[in-house]
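Let's walk through this model together, from the overall fold down to single side chains. Keep the viewer open and follow along.

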Amino acid sequence: MRGPTGKEDSVRERGHRQDGAGQRAGARGVAAVAGEYHSVVARAAAVRAEALGVPFLCSSAVLDALTEEPAAWVARLAPAQSHGWRSYAGFLFAAGHRRIAVARQASLYWETGTRILRDHLGQRGGSVTELDADALTPRELCDALAEDGATALLLLAGTPQPAVPLVRAVRADRRLDGVLVGAPAGQPEFPRWLAALGADGAGVPFLRYLPERPSPPAVRVGEALRVRLGEEPSFVAYEGWDTVAVLAGALRTYGTGRADVARAWEGGAVAGTRGEIRFSRLPGIGVRQWVWPPVQVADRDPAEPGRFRVLHQG
């Protein structure tokens with residue numbers, strides 16, 4: 001773990017708070033719990049929900065091992081990290097990148113992502129070099145990247161620190177002209193990325209979980225979200241909408257008891273904004289899983305950074 005100002009301690013603290021929230025939910029007799037945005041926090045929530053027998057519908061967290069053992073009370077909308085990140089690795093390979101560097105912070109999420117990339121690219125003759133984003137300054141990391149000869153640098157690190165200074169440093173280093181900067185975890189989709197980096201933040205491919213063409217219901221939901229948010233909704237907003245749709249359908253169809261809601265995980269499909277949602281059991285994944293939400297690799301258009309381009313549809 002990092003020191004008291006480190007990202008991991010902040011995540012751990014949120015995990016403890018989530019444990020407390022789960023206990024309060026159990027005590028208050030709630031029918032179900034929904035969330036959580038961060039994968040490490042979601043693991044704590046899933047463990048507590050399973051122990052208390054409270055249905056937990058996870059919207060966004062992607063770690064494959066959300067629970068160590070098969071869970072009866074937990075279901076997930078987001079794709080497992082191994083599924084989404086393999087799609088990202090396939091995009092890199094198809095674009096001609098064989099030598100990849102990752103600027104990585106210490107975190108289970110980033111470590112797992114690095115392993116997925118290394119395994120998938122290694123099977124195709126590619127390689128992954130790890131650069132310590134906690135230990136190296138942006139200048140030192142640029143020096144290491146230039147020496148390595150990688151054609152792509154992936155930011156497996158928090159935003160704004162240290163990702164934003166790293167992007168600025170790479171963009172300003174003429175030795176690294178032509179090096180692709182990528183951020184598979186999705187940071188470039190959010191407005192604060194564009195506000196912090198401007199044009200330097202364009203052309204950075206990231207993962208998001210949206211279909212190639214939105215369905216009519218998705219168009220209607222998107223319009224409502226734009227009015228509510230005052231900006232273009234991210235894929236996370238659609239995950240939130242789908243979470244509410246699944247829980248509302250469970251309560252209407254199966255009842256308001258906890259066992260009723262958990263039984264809905266085994267039931268029929270629900271029409272979501274991004275497709276038909278149905279949960280399954282998969283080897284190596286302890287929770288009931290939607291197999292699979294649509295997966296895209298997208299970026300901000302360098303010619304118009306406020307606009308997104310779809311580069312790859314998984």
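**A guided tour of the fold**

Arg99 is a good place to begin: with a relative accessible area of 37%, it counts as partly exposed, where buried stands for under 20% relative accessible area, exposed for over 50% and partly exposed for what lies in between (1.4 Å probe, protein chains only). Before going on, please keep in mind that this is a predicted model, in which local features need pLDDT of at least 70 and side-chain atom pairs count only at pLDDT 80 or more, while totals for chains, interfaces and linings use all residues. Residues are numbered from 1 along each chain as its sequence is written, and side-chain values use heavy atoms, with hydrogens and water left out.

The side chain of Arg99 meets that of Asp148 in a salt bridge, at 3.3 Å from N to O; the term stands for a side-chain nitrogen of Lys or Arg within 4 Å of a carboxyl oxygen of Asp or Glu. This pair links distant parts of the chain, with Asp148 in helix H5 and Arg99 in strand S4, 49 residues apart. Helices (H or I, at least four residues) and strands (E, at least two) are DSSP runs, numbered from the N terminus. Unlike its partly exposed partner, Asp148 is buried, with a relative accessible area of 18%.

Now stay with H5, which spans residues 138-148. Its buried residues are Leu141, Cys142, Leu145 and Asp148. They sit on the same side of H5, because they cover an arc of only 125° around the axis; the arc is that of the directions from the helix axis to the C-beta atoms. Turn to the other side of H5 and you find Arg139 and Glu147 exposed. What do the buried residues of H5 pack against? They meet strand S4 (99-104), strand S5 (127-132), strand S6 (152-156) and helix H6 (163-172), where a contact means heavy atoms within 4.5 Å. Just after H5, Gly149 takes a positive phi of about 85°.

H6 has its own set of buried residues: Ala163, Val164, Leu166, Val167 and Val170. Seen down the axis of H6, they fall within an arc of 160°, so they line one face of the helix. Their cover includes S4, H5, S6, strand S7 (180-182) and helix H7 (191-197).

Step back for the whole chain. The protein chain has 10 helices and 14 strands. Its radius of gyration, taken over C-alpha atoms, is 20 Å, which agrees with the value near 20 Å for a compact globule of 314 residues; the globule rule is 2.2 Å times the number of residues to the power 0.38. The C-alpha atoms fill a box of roughly 60 × 45 × 40 Å along the principal axes. Of the 314 residues, 50% count as buried. Among contacts with a separation of 6 or more, 65% come from residues 24 or more positions apart.

What lies inside? The largest nonpolar core has 32 residues, and those with the most contacts inside it are Trp85, Leu92, Ile100, Leu117, Leu154 and Leu207. Such a core is a set of buried Ala, Val, Leu, Ile, Met, Phe, Trp, Tyr and Cys residues joined through side-chain atoms within 4.5 Å. Helix H3 (81-94), S4, helix H4 (108-122), S6, helix H8 (216-229) and helix H9 (235-254) each supply at least two residues of this core. A second, separate core of 23 residues includes Leu141, Ala157, Ala163 and Ala183. Leu207 is worth selecting: setting aside residues up to four places away in sequence, its contacts include Trp85, Tyr88, Phe235 and Val295.

Let's finish with charges. The structure holds 19 salt bridges. One of them joins the side chains of Arg43 and Glu68 (2.2 Å, N to O). Arg43 lies in helix H2 (residues 39-52) and Glu68 in the loop between S2 and S3, 25 residues apart. Arg43 is partly exposed at 22% relative accessibility, whereas Glu68 is exposed at 61%. Asp260 and Arg263 also form a salt bridge (3.2 Å, N to O); because they are three residues apart in helix H10 (residues 258-264), about one helical turn separates them. Finally, Arg104, Glu111, Arg118 and Glu130 are linked in a network of salt bridges.
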